[in-house]
Every structure is written in C-alpha cells, then in structure tokens.
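Please open the structure in your viewer and keep the selection tool at hand. The tour proceeds by short steps, each with something to select and something to examine.

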Amino acid sequence: MISHRPQQTEDVGQMIEKCGNQIQYKFEFTTNNVPGPGFPSDPDELAFAGCDCGQPSCGELCPCILRFGVNYTEFGKLLKLEDELSSATKPIVECNAMCECGESCQNRVVQNGPPFKLEVFTTDRKGSGLQTLEAIPHSSFVCEYAGELLTKTEAQRRLKLLGDGDLNYILVVREFASAHRLTETIIDPTFKGNLGRFINHSCEPNLLKVPVRVHNDIPRVALFARRDIESGEELTYSYGEPDTSSGVIDSSADKQKSCYCGSRLCCGYLPSDQSLLK
C-alpha cells in the first residue's frame, strides 16, 4: 500500500513504479501544486490577509468565511456540493497561514491533506487506479489533484512531445470570474504530483472537482465525494464533458480513446478537451 503521507519522495517514486506495468514514469511526490517552467507565480505565496479570530475554530463571523459564506460542516463536509454540481456556487476560500485560528479550524479542510486511507492498485483494463481503504461519506474531501502549474505555452509544448502510448495527465480548470473574464489553471502531475494522478475517468464518477483557494488566488483542485463511497471502491472523476468548464487534454484529437469505466451511463469514449491544441 502507498500511504498518502510518504516519508521520502524517492521511495514513493520507486514504490509506485512497481504497482503496475502501466505506470511509465517515476515521479517526485508533492502534496501541493508547484510552479512549472516559466510559471509566473508562487502557489504558496501568502497573498490573502489572515483572520484574527484567535479561536481553535472560526465561526460564521470570521472574515475569511464572511467573504463568500460558510464552506464546510463541523465534520469537514462540503456544504456547497449541490451548487458545485450546477456550477453556480461562490468561491471557496479557506483560512490560511496568516490566520490566528488552529489547524483543526472548521475552515481548514483541503490544506490538511487526505483524511482517508488511499491505495494505488492495478485495474483490469485501465492500468493503475486509486481506491479507498475506508468508507467515505457523501460530500467529504478525498484528495487534491496536484502537480506542476503550467503556462499555456509549456502545456502545449508537453502535449506535442507525447507519443501514442504515452499517458497524459494535464488537467485544465476554467473558472468564470465574471461574464467577460475566464481564468484557466493548468496542472500536470506527470513528473511532480500526488496520488490524484492515478484517478481514472468514469462516465458516472464518485468524485467531483472543486476549486478551493487557501493562501492566494491560485486554486487548488480538490476532489470531494459526490455520494457515499464504500471501502475498496475505485475512486473516479469525470475528465470533462462537452458542457463543463474543465477537463483532461487528449492530445490525439483524431483518435478517440475507448472508455472502460463500466458505468451503465458509459458513452464508450474518453472525453477530449481540444482547447490547448489550437
């Protein structure tokens, strides 16, 4: 089993390489996003002001919470999950390193890392995957999709280098800041990433991608449970549909890849986001 809290990045890379013959890369384990080549910002920069609540856990009058409303229950469940499913929610901003509340604050969830035991395993037809070794309640945080933050130019360069048999992990998250402003965050965990890189697509996923901000305006891509998930169940999210604002890039536009998710709603092919290929 591969823990979500490894002791050494080198050991983790060696262990994961042995988990299945479909894994092609050793990679450096990182719990958070890191800047890729030419990326202009530091994802760990402390740009947001901190609260001065001075309590172990902040209440509804906390300045961080007052900005957009309460994010989580006292048990760390996402309150805005139904809004996220309709893409009509306000931003989620957690307390940060400048805040005077405790690490167990109700408004600190994603930054504390995966709360459940997760394991990389070999699937029957999809190569490697990620499964949970514990039951996960509906709306609970599971893990991040973390890796290198890329510029569009660097992402396009990497896509052009991919061969037909290479695995592609590049994820593009689009957010509408206003009616006329669209922001893109591009994450690639190919060479530096966390366990989120092993999560497979499903046409009927049990996880939902949610942008969450902590220290600054660069979002983290948090994965929350869309429903109750049983112990031993594979974790999946949607790589993107035609009507969504984010997705994994398929570098072979003329070669649709078959989907083996096994869902009753399976459309037969993996989603393809062609935006970076133009």
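The steps below concern a predicted model.

**The sheet.** Begin by selecting strands E3, E11, E12 and E6, which form an open sheet in that order, with mixed pairing. At the edges are E3 (92-93) and E6 (141-144), each of which pairs on one side only. In general, strands of a sheet pair through backbone hydrogen bonds, either parallel or antiparallel. Now restrict the view to E6 and E12 (residues 220-225): these two run antiparallel and are joined by three bridges. Within this pair, display the side chains of Phe141 and Phe224 in E12, which stand opposite each other. Adding Tyr72 to the selection completes one aromatic cluster with Phe141 and Phe224.

**The helix.** Next, select helix H4, residues 152-161. Which residues of H4 are buried? They are Glu154, Ala155, Arg158 and Leu159. Because these residues cover an arc of only 140° around the axis, they lie on the same side of H4. As a general rule, an α-helix has 3.6 residues a turn, so residues three or four places apart point the same way. Turn to the other side of H4 to find Thr153, Lys160 and Leu161, which are exposed. Then add strand E7 (147-150) and strand E9 (181-193), against which the buried residues of H4 pack.

**The cores.** Select Leu118, Leu130, Val142, Leu207, Leu235 and Tyr237: these have the most contacts inside the largest nonpolar core, a set of 27 residues. Strand E4 (118-122), E6, strand E8 (171-178) and E12 each supply at least two residues of this core. The greatest contribution comes from E12, with three residues. Another core, of 12 residues, lies apart from it; among its members are Val210, Val212, Ala222 and Phe224.

**The aromatic rings.** The structure holds five aromatic pairs. For one of them, select Tyr145 and Tyr237, whose rings are edge-to-face, 6.0 Å centre to centre with 70° between the planes. This pair links distant parts of the chain: Tyr145 is in the loop between E6 and E7, while Tyr237 belongs to strand E13 (residues 236-237), 92 residues apart. Are Tyr145 and Tyr237 buried or exposed? Both are buried.

**The final stop.** Select Arg197 together with Tyr169 and Phe198. Arg197 lies over the face of Tyr169, at 4.5 Å from the ring centre. Arg197 also lies over the face of Phe198, at 5.0 Å from the ring centre.

Note on methods: Residues are numbered from 1 along each chain as its sequence is written. This is a predicted model: local features need pLDDT of at least 70, side-chain atom pairs count only at pLDDT 80 or more; totals for chains, interfaces and linings use all residues. Side-chain values use heavy atoms; hydrogens and water are left out. Two strands pair if DSSP finds at least two bridges between them. Helices (H or I, at least four residues) and strands (E, at least two) are DSSP runs, numbered from the N terminus. Buried means under 20% relative accessible area, exposed over 50%, partly exposed in between (1.4 Å probe, protein chains only). The arc is that of the directions from the helix axis to the C-beta atoms. Contact means heavy atoms within 4.5 Å. A nonpolar core is a set of buried Ala, Val, Leu, Ile, Met, Phe, Trp, Tyr and Cys residues joined through side-chain atoms within 4.5 Å. Rings of Phe, Tyr and Trp (its six-membered ring) pair if their centres lie within 6.5 Å; planes under 30 degrees apart count as stacked, over 60 as edge-to-face and the rest as tilted. A charge sits over a ring if NZ of Lys or CZ of Arg is within 6 Å of the ring centre and within 35 degrees of the ring normal.
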